[in-house]
Amino acid sequence: MTNQGLAVQELREVRELRGSLVSVVAIGNPMGSFPFWVNGNANGTLVLLPDGVRARTFAESLTADDPLLVSVIDVFGRLQAQTAVQSYDPELTELRVVDPGYLHVLHRRGAFRLDLELGLEIASLRDGRVVLAAGDSLDISNTGLAAHVVGGVEIGAPVAVSMKLPDGPLLAVGAVVGHSGERTRVQFTQLTPADRKRLALYLRRVEIALAAQGIG
Amino acid sequence: MPPANTSAGNEIIPLAVTITYRSTKRLETIPATVLARTSGAMLVRFERRHPYLNPGDLAALLVQIEEDGFAVLLKPLDLPGRLTVDGGREISFAFVARDDATTRFLEALQARQKQG
């Protein structure tokens, strides 16, 4: 794993993660991701503690040099590093892996798109008249969404979008910035600060839930 | 920023617009008329049909002026608004964002004033 060429702000030192819960995936292993606590790093070794029986069983199944991905979701987005197994101590329940030194930003939070189907309604201008359409989101980020919209919407059209979030509808205005097949991409141009935070928290909750299921 | 009204705001050539809001079940659009505006708010007149908004609810203004289309997020300021003698209703809305879209919309309104 090399972090050459990445800007400093795209990195986060592993030592900052001490006491944090991270997600560990064995590359090429279909078992999914497992939660581990970061116990510390020193002398080229990162020590991880399995969180729960499933994670411990996973750790026991690993052998030296197995490649792993360690990732964490924080305010910057999803950060990830590739590493490799050194050893597993069943008595101390410690998984020792090569200290990657840094995690790099895999998805910057503002632009990270989450595949998420939400019912939505779009009001758009067509020849000076407002046309209402229903649709489903295909992916959503903090800055926009892609949706399948019945009837389609013209590129460049200003739109009002109502998204059906679990805690109530969220109204945003934006502009249609492109089509790709049946995907209509909308960039949000106006959200209230409260709704921006609400959307970000909702997306983060879904992202964490998907990560816990080993999806995404 | 005081709400737009015909005494504190700038009266304009009445501009037909559409206000889009989320009712209890769905997105709905209602024709309306912008009567006056300040840099931060505007006064909108509805005929007999008007949006049922609660404090904190948002609405969106969708309007085409000349060749340009605008979408601007609005926050109602004086719910339930002022009932007029002919059964209409006037509600002041604040612009939620001070961004390019809002600025361009206000400039388009300004241009219409000059034309008048």
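This passage walks through a predicted model of two protein chains, starting with chain A and moving on to the interface and the salt bridges.

Chain A makes a natural starting point. Its secondary structure comes to two helices and 15 strands. Chain A has 216 residues, and 47% of them count as buried. The surface that chain A exposes comes to about 10600 Å², with carbon and sulfur atoms supplying 53% of that area. The contacts within the chain can also be sorted by separation in sequence: among those between residues at least 6 apart, 54% join residues at least 24 apart.

Two residues of chain A help to make this picture concrete. Thr184(A) belongs to strand E15, which covers residues 183-190 of chain A. With a relative accessible area of 3%, Thr184(A) is buried, because residues under 20% fall in that class. Once neighbours within four places in sequence are set aside, the residues in contact with Thr184(A) are Leu145(A), Ala146(A), Ala147(A), Val149(A), Val153(A), Val176(A), Gly178(A) and His179(A). With His179(A) there is also a polar contact between the side chains, at 3.1 Å.

Ser124(A) sits in strand E10 of chain A, which runs over residues 119-126. This serine is buried too, with a relative accessible area of 4%. Its contacts, not counting residues up to four places away in sequence, include Arg129(A), Val130(A), Val131(A), Val153(A), Pro158(A) and Val159(A). Ser124(A) also touches Leu62(B), a residue of the other chain, and this leads on to the interface.

The contact between the chains draws 23 residues from chain B and 23 residues from chain A. About 1700 Å² is buried between them, and carbon and sulfur atoms give 70% of this area. One salt bridge is found across the interface. It pairs the side chains of Glu121(A) and Arg22(B), with an N to O distance of 2.9 Å. Polar contacts between chain B and chain A, counted where both residues are at pLDDT 80 or more, number seven residue pairs. On the chain B side, the elements that give two or more residues are strand E1 (10-22), strand E2 (27-37), strand E4 (59-65), strand E5 (68-76) and helix H1 (100-115). By residue class, this side of chain B divides into 13 nonpolar, six polar and four charged residues.

What of the salt bridges elsewhere? Over all chains, the structure holds 15 of them. One lies within chain A, where Arg198(A) pairs with Asp195(A) and the closest N and O atoms are 3.3 Å apart. Both residues lie in helix H2 (residues 193-212) of chain A, and the three residues that separate them along the sequence amount to about one turn of the helix. Asp195(A) is buried, with a relative accessible area of 11%.

Chain B offers a linked set: Arg45(B), Glu47(B), Arg82(B), Asp86(B) and Glu90(B) are joined in a network of salt bridges. Within this network, Arg45(B) pairs with Glu47(B), their closest N and O atoms being 3.3 Å apart. The side chain of Arg45(B) also meets that of Asp86(B), here at 2.6 Å from N to O. This second pair links distant parts of the chain, 41 residues apart: Arg45(B) lies in strand E3 (residues 41-46), and Asp86(B) lies in the loop between strand E6 (82-83) and strand E7 (89-95). Are these residues buried or exposed? Arg45(B) counts as buried, at 14% relative accessibility. Glu47(B) counts as partly exposed at 45%, and Asp86(B) is likewise partly exposed, with a relative accessible area of 43%.

A last residue of chain B is Gly81(B), found in the loop between E5 and E6. At 23% relative accessibility, Gly81(B) counts as partly exposed, because the buried class holds only values under 20%. Leaving out residues up to four places away in sequence, Gly81(B) touches Arg89(B), Glu90(B) and Ile91(B). Glu90(B) is thus a contact of this glycine and also a member of the salt-bridge network. The C-alpha atoms of Gly81(B) and Val44(B) are separated by 9.6 Å, with the two positions 37 residues apart along the chain.

Methods
Residues numbered from 1 in each chain as written. Chains lettered and ligands numbered in written order. Heavy atoms only, no water. Contact = heavy atoms within 4.5 Å. Buried area = accessible area lost by both parts, 1.4 Å probe. Salt bridge = Lys/Arg side-chain N within 4 Å of Asp/Glu carboxyl O. Polar contact = N/O pair within 3.5 Å; in protein donor to acceptor, adjacent residues only side chain to side chain. Helix = DSSP H or I, 4+ residues; strand = E, 2+ residues; numbered from the N terminus. Nonpolar A, V, L, I, M, F, W, Y, C, P; charged D, E, K, R; others polar. Buried < 20%, exposed > 50% of the residue type's maximum accessible area, 1.4 Å probe, protein only. Areas by Shrake-Rupley, 256 points an atom, 1.4 Å probe, with all protein chains shown as cover.
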